[in-house]
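Me: Please take a close look at one part of this model, the second largest cavity and the cysteines around it. Set it in the context of the whole protein.

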Amino acid sequence: MEHLDKLEAESIYILREAYKKLGKLGMLWSIGKDSTVLLWLAKKAFYGHVPFPFIHVDTKRKIPEMIAYRDKIAKEWKLDLIVHTNQAAIDAGIGPEKGRLACCKALKTDGLKQVVHQYGFDGLIVGVRRDEEGSRSKERVFSERKEDDAWDYQNQPPELWDQFKTDFPKGHHIRVHPLLAWNEIDIWEYIRREQIPIIDLYFAKNGKRYRSLGCACCTGQIDSEADTLDKIIEELKNTKTNERAGRKQDQEDSYAMQKLRKEGYM
């Protein structure tokens, strides 16, 4: 099979397995390239009708264009969209000046945990990739989170020959990762092939573009002239810069993501 066809088929298989084996499902949508590809795959997997809601954990610090894009796509594609904010943390004055890890934990990790318990989700579908960041390379396709939403990254079951562990204790929930085997170039080549509408923050303007999207206060741009899909793909084939180099929380602590994800972050 052609490379992208193989990746697509595997991801659709995982989505259908999750729907078949798990209970109440939701899909996280961060508005970035990976989760938007995942949204597209979900539409394909279920023939245009996605049988679970999409979840955006809104920190109220996102780049404004991200929120406009979210609302536009949600309306056009008739998504069942849950938007949740940890308002108590915002009212308490949490922000990056309190420490970027503390801010991420309160607004993203704790916000996500609130969604899981408020809606009673048994499984969350997440668009993470192994190549994106070190702690994500330790994940499994079906990854258990315990009653306190913690991730035991040192005790992961084997997943051999597409045999996934889907039986977990009551009260735990499962993170499902259909994009683990994809890499950054795969994502962009698939976006180009499928003509997926993607937020234009990824395309260069005045010599700058975003390679990774997050909160406005913690996400930097890179120097780039890549203002088309072809140019982005060619640029990535020749870069040695880490994909998350513009994320300030990663710069604050080299183990930032592992610490956050251990406690329940996506």
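Reply: What follows starts with the whole protein, goes on to the cavity and its cysteines, and ends with two other residues.

This is a predicted model, in which local features need pLDDT of at least 70, side-chain atom pairs count only at pLDDT 80 or more, and totals for chains, interfaces and linings use all residues. Residues are numbered from 1 along each chain as its sequence is written, and side-chain values use heavy atoms, with hydrogens and water left out.

The protein has 9 helices and 8 strands. Both are DSSP runs, numbered from the N terminus: helices are H or I with at least four residues, strands are E with at least two. Of the 266 residues, 55% count as buried. Buried means under 20% relative accessible area, exposed over 50%, and partly exposed in between (1.4 Å probe, protein chains only). The protein exposes about 12,400 Å², and carbon and sulfur atoms supply 49% of that area. Areas come from the Shrake-Rupley method with a 1.4 Å probe; for residues, only the protein chains shown count as cover. Among contacts with a separation of 6 or more, 75% join residues 24 or more positions apart. Contact means heavy atoms within 4.5 Å.

Now the cavity. The whole structure holds 3 cavities of 30 Å³ or more. The search uses a 1 Å grid over the protein atoms alone: a cavity is a set of points where a 1.4 Å probe fits but cannot get out, while a pocket is an open set with protein on both sides within 12 Å along at least five of seven lines. Lining residues have an atom within 4 Å of a point. The second largest cavity has a volume of about 70 Å³. Its lining has 11 residues, and C103, C104, K108, C215 and C218 are the closest to its centre. Volume here is the space filled by probe spheres set on the points, with grid points joined across faces, edges and corners. Helix α5 (residues 100-119) gives the largest share of this lining, 5 residues. By class, the lining has 6 nonpolar, 2 polar and 3 charged residues. Ala, Val, Leu, Ile, Met, Phe, Trp, Tyr, Cys and Pro count as nonpolar, Asp, Glu, Lys and Arg as charged, and the others, Gly among them, as polar.

Next, the cysteines. The disulfide count is 0, where a disulfide is a pair of cysteine sulfur atoms within 2.5 Å. Why is C215 without a bond? Its closest cysteine sulfur, in C217, is 5.2 Å away, which is too far. C218 is in no disulfide either; the sulfur of C217 is its nearest, at 3.8 Å. C215 is buried, at 8% relative accessibility. C218 is buried too, at 6%.

In the loop between β7 (208-209) and β8 (222-223) lies Y210. Y210 is buried, at 13% relative accessibility. Beyond its neighbours within four places in sequence, Y210 contacts I63, L201, Y202, T219, G220 and Q221. D200 is 10 residues from Y210 in sequence, and their C-alpha atoms are 9.2 Å apart.

E184 is in helix α6 (residues 184-194). E184 is buried, at 7% relative accessibility. Its contacts, leaving aside neighbours within four places in sequence, are K33, R129, D131, R211, L236 and E243.
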